[in-house]
Amino acid sequence: MRPAEFYALRREFCHPNWPTLDPDLERRKEALERYGPTALPALRVQWQFQREFGKGPVKLFPPKCESHRNLSLPGFIAELRTALLAIHDHEYLFPAISGGLLANTHCSHSYWRPVSRGRPASEEFARIRPGQPRWPSPAAPLPEVPATAYAGKRLYLLRQRAPAARSRSAAGRAFHA
């Protein structure tokens, strides 16, 4: 998911509201069969934030290459998103600290980029705002995140290839050796 799509996730397109609140009746009916209340939790990538011609205020645009899509969510991420939606009433899933749009902040540069490059986690990380420190304090207990094979590793080093593609490339290397 691209950052501009991430910033533009709206409440009606996120689990547990989607697909039951989807404004398009035909898409809702089709999605309810696959992602209904008893099926997979999912979200819909419907919009992205961009600045028209690279300047001016941010506006909603369709995703790059018109790639509207549904994304299935693991259970623990669905629980996290449900908890997040319960603690605020903003139109978008991820509002900025000030309550505005996350797309108007430097989130990609000052937060996401260090995290994606392996910034060590810290319990007490103060984000200093002009004149006042802000300490993170979750309003609700967070669900347990399951252990994975890549826990503690830098995520940008992981490859996004399917197991079949890895075995074919290994077989190809063995053949050409």
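The legends below describe close-up views of a predicted model.

**View 1. Overall arrangement of helices and strands in the predicted model.** The protein contains 5 helices and 6 strands, and these elements follow one another along the sequence in the pattern α-α-β-β-β-β-α-α-β-β-α. Of its 177 residues, 23% count as buried, and the structure holds 0 disulfides.

**View 2. The salt bridge between arginine 69 and glutamate 5.** The side chains of arginine 69 and glutamate 5 form a salt bridge with an N to O distance of 2.6 Å. This pair links distant parts of the chain, since arginine 69 belongs to strand 4 and glutamate 5 to helix 1, with their positions 64 residues apart in the sequence. Glutamate 5 is buried because its relative accessibility is 0%, which falls under the 20% limit, whereas arginine 69, at 22% relative accessibility, counts as partly exposed. The pair also belongs to a network of salt bridges in which Arg2, Glu5 and Arg69 are linked. In general, side chains of opposite charge can pair when their charged atoms come close.

**View 3. Arginine 10 and its two glutamate partners, glutamate 12 and glutamate 91.** Arginine 10 forms a salt bridge with glutamate 12, the closest N and O atoms being 2.9 Å apart, and the side chain of arginine 10 also meets that of glutamate 91 in a salt bridge of 2.8 Å, N to O. The pair of arginine 10 and glutamate 91 links distant parts of the chain, 81 residues apart: arginine 10 lies in the loop between helix 1 and helix 2, and glutamate 91 in the loop between helix 3 (75-87) and helix 4. Arginine 10 counts as buried because its relative accessibility is 16%, under the 20% limit, while glutamate 91, at 39%, counts as partly exposed. The count for the structure comes to 6 salt bridges.

**View 4. Two cis peptide bonds, each leading into a proline.** One cis peptide bond joins histidine 15 and proline 16, with omega about 10°, and another joins tryptophan 18 and proline 19, again with omega about 10°. Proline 16 is placed in the loop between helix 1 (3-7) and helix 2, and proline 19 is likewise found in the loop between helix 1 and helix 2. Cysteine 14, with a relative accessibility of 0%, counts as buried.

**View 5. Positive phi angles at cysteine 65 and glutamate 66.** Although cysteine 65 is not a glycine, its phi is positive, at about 60°, and glutamate 66, also not a glycine, has a positive phi of about 55°. Cysteine 65 is situated in the loop between strand 3 (58-61) and strand 4 (69-72), and glutamate 66 in the loop between strand 3 and strand 4. Cysteine 65 is exposed because its relative accessible area is 70%, and glutamate 66 is exposed with a relative accessible area of 53%, the limit for this class being over 50%.

**View 6. A negative surface patch that includes glutamate 26.** Asp24, Glu26, Glu30 and Glu33 form this patch. Glutamate 26 is part of helix 2 (residues 25-35) and is exposed, with a relative accessible area of 66%.

**View 7. Tryptophan 112 in helix 4 and its separation from proline 3.** Tryptophan 112 occurs in helix 4 (residues 107-116) and is partly exposed, with a relative accessible area of 48%. Its C-alpha atom is separated by 9.1 Å from that of proline 3, although tryptophan 112 and proline 3 are 109 residues apart along the chain.

Note on methods: Residues numbered from 1 in each chain as written. Predicted model: local features only at pLDDT ≥ 70, side-chain atom pairs only at ≥ 80, totals over all residues. Heavy atoms only, no water. Patch = residues over 30% accessible without salt bridge, like charges linked within 9 Å, V, L, I, M, F, W, Y side chains within 5 Å. Areas by Shrake-Rupley, 256 points an atom, 1.4 Å probe, with all protein chains shown as cover. Salt bridge = Lys/Arg side-chain N within 4 Å of Asp/Glu carboxyl O. Lys, Arg positive; Asp, Glu negative; His and termini not counted. Charge placed at Lys NZ, Arg CZ, Asp CG, Glu CD. Helix = DSSP H or I, 4+ residues; strand = E, 2+ residues; numbered from the N terminus. Buried < 20%, exposed > 50% of the residue type's maximum accessible area, 1.4 Å probe, protein only. Disulfide = S-S within 2.5 Å.
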